[in-house]
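The following exercises concern charged side chains and the pairs they form. Please consult the sequence and the structure while working through each solution.

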Amino acid sequence: MTKAVLSIDFTRDFVASDGKLTAGRPAQAISEAMATVSQKAWEAGGYVFFMIDEHLEGDTHHPESQLFPPHNIRGTEGRFLYGPSKEFFEEHRESDRVFWMDKHYYSAFAGTMLDIYLRERKVDTLVLTGVLTDICVLHTAIDAYQKGYKIEIVTDAVASITDEQHQFALEHMKNVLGAQLLSSAELEF
Ligand code: ZN
């Protein structure tokens, strides 16, 4: 079994108190666990993919422009990683096991090279971390399911705006997508 961690959207705009589309405190609370999971993968010889939302200034053609305020705009600090995940990425960004991919829709698979990179490396299991549990993490999990990957969700390294949304998505991923839910302490590589 070869695993890859997907570190999804843990940027200033989604996490910081003054972020443009922030989940605020629940997201800030998973900062340490997010980085711990990446570190565990790294030390075990696994892969870490930072899958990061990117939008263009004033792009009214993108459907999210009708749904959410502008966020994660290309070239802005809103796309900087938040917390110790930033240090992890800076330290390992030159490695051939740590990747950054811009994404433009909820799912990390939509329009990105992710699936090809995973298959080239014989990755069969994805460890999902990041925000929001019920939007980008969930949509990524649905695509992963349809592409045949095993899915693990690190429950203390995903977060949403409300506990209700968070719990709904966890239950859905477990019961409908067959995802394994486990804590960062239980996670093994
Ligand atoms: Zn977006």
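The exercises below treat salt bridges in this predicted model.

**Exercise 1.** Determine which parts of the chain are tied together by the salt bridge of Lys103 and Asp9.

Solution. Begin with the general principle: side chains of opposite charge can pair when their charged atoms come close. A salt bridge requires a nitrogen-to-oxygen distance within 4 Å. For Lys103 and Asp9 the N to O distance is 3.0 Å, and their side chains form a salt bridge. Next, locate the partners: Lys103 belongs to strand E3 (residues 98–103), while Asp9 is in the loop between strand E1 (3–8) and helix H1 (12–15), so the bridge ties together parts that are 94 residues apart in sequence.

**Exercise 2.** Decide whether Lys103 and Asp9 are buried or exposed.

Solution. The cut-off for a buried residue is a relative accessible area under 20%. Lys103 has a relative accessibility of 0% and therefore counts as buried. Asp9 also has a relative accessible area of 0%, so Asp9 is buried.

**Exercise 3.** Describe the salt bridge between Arg79 and Asp102, and classify the accessibility of Arg79 and of Asp102.

Solution. First, take the distance: the closest N and O atoms of Arg79 and Asp102 are 2.6 Å apart. Second, place the residues: Arg79 is in the loop between strand E2 (47–53) and helix H4 (84–92), Asp102 is in strand E3, and the pair, 23 residues apart, links distant parts of the chain. Third, consider accessibility: Arg79, at 10%, counts as buried, whereas Asp102, at 32%, counts as partly exposed.

**Exercise 4.** Identify the residues linked with Glu54 in a network of salt bridges, and describe the surroundings of Glu54.

Solution. The network joins Glu54, Arg74, Arg79 and Asp102. Glu54 itself is found in the loop between E2 and H4. With a relative accessible area of 6%, Glu54 is buried. Its side chain makes a polar contact with the side chain of Arg74 at 3.1 Å. When neighbours within four places in sequence are left aside, the residues in contact with Glu54 are Asn72, Arg74, Arg79, Asp102, Lys103 and His104.

**Exercise 5.** State how many salt bridges the rule yields, and describe the one between Arg121 and Glu120.

Solution. The count comes to 11 salt bridges. In the bridge between Arg121 and Glu120, the side chains meet at 3.2 Å, N to O. Arg121 has a relative accessible area of 23% and is therefore partly exposed.

Terms used: Residues are numbered from 1 along each chain as its sequence is written. This is a predicted model: local features need pLDDT of at least 70, side-chain atom pairs count only at pLDDT 80 or more; totals for chains, interfaces and linings use all residues. Side-chain values use heavy atoms; hydrogens and water are left out. Helices (H or I, at least four residues) and strands (E, at least two) are DSSP runs, numbered from the N terminus. Buried means under 20% relative accessible area, exposed over 50%, partly exposed in between (1.4 Å probe, protein chains only). A polar contact is a pair of N or O atoms within 3.5 Å; within protein, one must be able to donate a hydrogen and the other to accept it, and residues adjacent in sequence count only if both atoms are side-chain atoms. Contact means heavy atoms within 4.5 Å.
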